[in-house]
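Welcome! Open the structure in your viewer, keep the selection tool ready, and follow along stop by stop.

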Amino acid sequence: MRLFTPIFCFIIITYLFGSILNKINTIEQLEQQLTQKDLKADSLCNTIDSLRLEIDTLIERTQIFDFHYYKNSFKNLLDAIIQVESNHNDSAYHKGEDAVGCLQIRQTMVNDINRILINKKSHIRYSYKDRWSRQKSIEMMVLYCNYYNLIKSEEIARCWNGGPKGMDKPITVNYWRKVQENLDS
């Protein structure tokens, strides 16, 4: 009986100590789960904020576009540029400039578009042969306009003709007049 009391006390203390350790372990696991949930929540919040910014940017771009000034859409502007560039001929070729297709795209433009895609970490790349495709030519033009933040019709046309700084080049004014004539007709 003398041994019973110390053994009983030892068992009770061991049990209580084990319970405490178990509770501490449970608390640590719950804290870890909360931390993981907080990290996931932060990540989701960042994603949501990023998407909101993207939506706001898209809404702003649609509101800023000056196409309504000409009562035309981007398609009408694109048609006018294609008319000026190639007379709607997908097989148009200007040997002296190596300008190809409906939008008369040069190799330097394809190189610039591929550089833009690399910067955006995209896996898409265009080849010089893609200039013959109307669809791919239009895709390249849209990428170009988006990258250089070309919004206004005149800006788009003059920079398409004269490069990213086309608005600063007096020679592109005449090109814009030609595009305008096709928009107005």
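## Stop 1: the largest pocket

Begin with the largest pocket, which holds about 550 Å³ of space. Keep in mind that this is a predicted model. Now select E85, E97, R106, W160 and N161: of the 22 residues lining the largest pocket, these are the closest to its centre.

Next, colour the helices that help to build the lining. Helices α2 (74-86), α3, α5 (153-162) and α6 (171-184) each provide at least two residues of the lining of the largest pocket. Which helix gives the most to this lining? Select α6, which contributes four residues.

Try colouring the lining by residue class too. You should find 11 nonpolar, six polar and five charged residues in the lining of the largest pocket.

## Stop 2: α2 beside α5

From here we look at pairs of helices. Two packed helices are described by two values, the angle between their axes and the distance between those axes.

Select α2 and α5. The two pack at an angle of about 30 degrees, and their axes are 11 Å apart. Angles under 35 degrees count as roughly parallel, and α2 and α5 are therefore roughly parallel to each other. Their crossing is right-handed.

To see where they touch, show the side chains of F74, L77, I81 and E85 in α2, which meet S153, I156, A157 and W160 in α5. Sorted by class, this contact of α2 with α5 has six nonpolar, one polar and one charged residues. Two names here may look familiar: E85 and W160 are among the residues closest to the centre of the largest pocket.

## Stop 3: α2 across α4

Keep α2 selected and add α4 (residues 134-147). Are α2 and α4 roughly parallel or roughly perpendicular to each other? Their axes come within 13 Å and cross at roughly 115 degrees, so α2 and α4 are roughly perpendicular. This crossing of α2 and α4 is right-handed.

Now show F74, L78, I81 and I82 in α2, which meet R134, I138, M141 and V142 in α4. The contact of α2 with α4 divides into seven nonpolar residues, no polar ones and one charged.

## Stop 4: α3 and α4

For the last stop, hide α2 and select helix α3 (residues 107-119) together with α4. These two helices pack at an angle of about 60 degrees, with axes 10 Å apart, and α3 and α4 are therefore oblique to each other. What is the handedness of the crossing of α3 and α4? Turn the view and check: the crossing is left-handed.

Finish with the contact residues. On the α3 side, pick M109, V110, D112, I113, R115, I116, L117 and N119; they meet M140, L143, Y144 and Y147 in α4. By class, the contact of α3 with α4 comprises nine nonpolar, one polar and two charged residues.

Notes: Residues are numbered from 1 along each chain as its sequence is written. This is a predicted model: local features need pLDDT of at least 70, side-chain atom pairs count only at pLDDT 80 or more; totals for chains, interfaces and linings use all residues. Side-chain values use heavy atoms; hydrogens and water are left out. Axes are lines fitted to C-alpha atoms, for helices over the stretch in contact, and angles run from 0 to 180 degrees between N-to-C directions. Angles under 35 degrees count as roughly parallel, over 145 as roughly antiparallel, 65 to 115 as roughly perpendicular and the rest as oblique. A crossing is left-handed if the near helix is turned anticlockwise from the far one by less than a right angle, and right-handed if clockwise. Contact means heavy atoms within 4.5 Å. Ala, Val, Leu, Ile, Met, Phe, Trp, Tyr, Cys and Pro count as nonpolar, Asp, Glu, Lys and Arg as charged, and the others, Gly among them, as polar. On a 1 Å grid over the protein atoms alone, a cavity is a set of points where a 1.4 Å probe fits but cannot get out, and a pocket is an open set with protein on both sides within 12 Å along at least five of seven lines; lining residues have an atom within 4 Å of a point. Grid points are joined across faces, edges and corners, and a volume is the space filled by probe spheres set on the points.
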